[in-house]
Every structure is written in structure tokens, then in C-alpha cells.
Amino acid sequence: MALRLTSAAFAAGGVLFFIYPAIRPSGDDAAATASTAWVAGHAAAMLGFVLIGLAVLGLHQVLGDRTSLRAAAVTWAGAGLTLPYYGAETFGLNVIAQRSLRDQAPALMELANQFRFDPLAATMFGAGLLLLAAGTIMAAVAVWRSVALPRWSAIALASGFALFIPQFFGPYPLRIAHGALIMIGGLWLAGALVKATSPAAAGTR
């Protein structure tokens with residue numbers, strides 16, 4: 001993966017994680033989940049997960065060490081476990097909500113919570129986000145040890161993913177701030193990669 005493509009993936013992924021809460025409705029009722037904004041916001045997040053996975057793989061090609069390779073593997077595993085849940089939230093809940101509104105049957109929305117709190121679905125989702133946090137933290141460690149990129153350039157991104165689960169329990173403005181943190185992290189690391197003079201494997205400090 002070319003250096004500039006890696007940079008673009010970090011930048012685009014970060015921006016998409018800001019778009020996600022910025023355009024997603026703040027509520028979870030039928031009117032919110034039936035909306036186009038619900039689908040668009042969650043679709044942005046799903047594409048963001050894919051791009052961050054690709055970007056961390058590209059980062060390994062820049063750094064070439066074992067930590068960055070492990071970071072790529074763990075990040076991909078996390079994205080793989082997280083995406084099915086997001087897909088169901090994006091499309092499944094949207095269909096249920098539209099039917100609930102069309103048939104004037106509020107009870108149908110109980111299906112949303114049955115999905116969200118299903119033990120297997122929730123476990124996969126939580127495990128996926130924890131692996132994404134671990135993968136981006138490992139990537140930040142690899143960057144910190146390298147001589148190819150500024151030490152602090154991956155800290156904001158790793159912090160954003162480490163806070164992914166806690167931010168769900170905060171007020172909605174906090175979720176938008178969290179999206180901004182990931183965007184800053186993605187753009188910061190993307191800028192550092194653009195300034196890198198060589199994609200050759202870096203040694204450690």
C-alpha cells in the first residue's frame with residue numbers, strides 16, 4: 001500500500017468517524033432509525049472501520065516492525081467483529097422502524113432492543129471494539145518507537161478508539177466530540193505520513 005494511499009486512508013477514515021455522529025440522529029426512536037440520516041451516519045462509520053484497517057496495514061508497510069504487523073492483524077480482527085453489528089443497526093433497524101411507522105405499531109421497535117442486547121451480538125460488538133482499541137494502541141506504540149514518524153502522531157487516534165465504548169454512555173455532544181478526536185487523530189497521522197521522506201522500514205529508538 002503506497003505511502004500516500006495510507007495517508008489518505010487515515011485522513012478519510014478519521015473524517016468519516018466525525019461524520020458518523022455529526023449526521024446520525026441523536027435519538028434511537030422509530031423516527032430516528034427510519035431516517036436516511038441514520039443509514040448515512042452508520043454507513044460512514046462502517047466505511048471508516050474498513051479504511052482504518054487498511055491504513056494500519058499500510059502503516060506496517062511504512063514501519064516494517066513486528067508491533068505494527070500485530071497492530072494490523074488485531075485491528076482487522078476488531079473491524080471484522082464490529083461490522084456485523086453495525087450492519088444490522090444500519091439496515092435492520094432502519095427496516096424495522098419504517099415498518100413500525102407505516103403500520104403504526106410501536107411494539108415492533110422492541111425488536112431493536114432484542115437485537116442490541118442479544119448476548120452473542122453484544123459480545124461480538126464489544127470484543128470487536130476492544131480489539132480495535134488494542135490494535136490502534138499497538139500502532140501508536142510502533143509509531144512511538146520508530147524513527148520514521150513523530151512520536152506523538154498516533155496518540156490521538158489510539159485515544160479515540162480506546163474511548164469508543166465509554167463514549168456510548170455519555171451525552172450526545174460528547175459523542176460528537178469523540179468523533180472529532182478520531183478525526184484529529186486520523187488527520188494528524190495522515191499529515192505525518194505525507195511528510196515522511198521514505199517508506200523504508202524504520203528502526204527503533
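Ala, Val, Leu, Ile, Met, Phe, Trp, Tyr, Cys and Pro count as nonpolar, Asp, Glu, Lys and Arg as charged, and the others, Gly among them, as polar. Keep that in mind for the exercises, which use a predicted model.

**Exercise 1. The largest pocket**

Task: Find how much space lies in the largest pocket, which residues are closest to its centre, and how its lining divides by class.

Solution:
- Step 1. Start with the volume: the largest pocket holds about 370 Å³ of space.
- Step 2. Turn to the lining, made of 15 residues; Y85, E89, F125, F168 and R175 are the closest to the centre.
- Step 3. Look for elements that give two or more residues to this lining: they are α4 and α6 (119–145).
- Step 4. Sort the lining by class, which gives 8 nonpolar, 2 polar and 5 charged residues.

**Exercise 2. A backbone angle at Q104**

Task: Locate Q104, and decide whether it is buried or exposed.

Solution:
- Step 1. Q104 sits in the loop that runs between α4 (66–102) and α5 (110–116).
- Step 2. Its relative accessibility is 72%, so Q104 counts as exposed, the cut-off being over 50%.
- Step 3. Now check the backbone: phi of Q104 is near 50°, a positive value although the residue is not glycine. Most residues other than glycine have a negative phi.

**Exercise 3. P166 and H178**

Task: Place P166 in its element, classify its accessibility and relate it to H178.

Solution:
- Step 1. Helix α8 (residues 164–167) contains P166.
- Step 2. P166 counts as partly exposed because its relative accessibility is 44%, between the 20% and 50% limits.
- Step 3. From P166 to H178 there are 12 residues in sequence, and their C-alpha atoms are 10.0 Å apart in space.

Terms used
Residues numbered from 1 in each chain as written. Predicted model: local features only at pLDDT ≥ 70, side-chain atom pairs only at ≥ 80, totals over all residues. Heavy atoms only, no water. Helix = DSSP H or I, 4+ residues; strand = E, 2+ residues; numbered from the N terminus. Buried < 20%, exposed > 50% of the residue type's maximum accessible area, 1.4 Å probe, protein only. 1 Å grid on protein atoms, 1.4 Å probe; cavity = no way out; pocket = protein on both sides within 12 Å on 5 of 7 lines; lining within 4 Å. Points joined across faces, edges and corners; volume = space filled by probe spheres on them.
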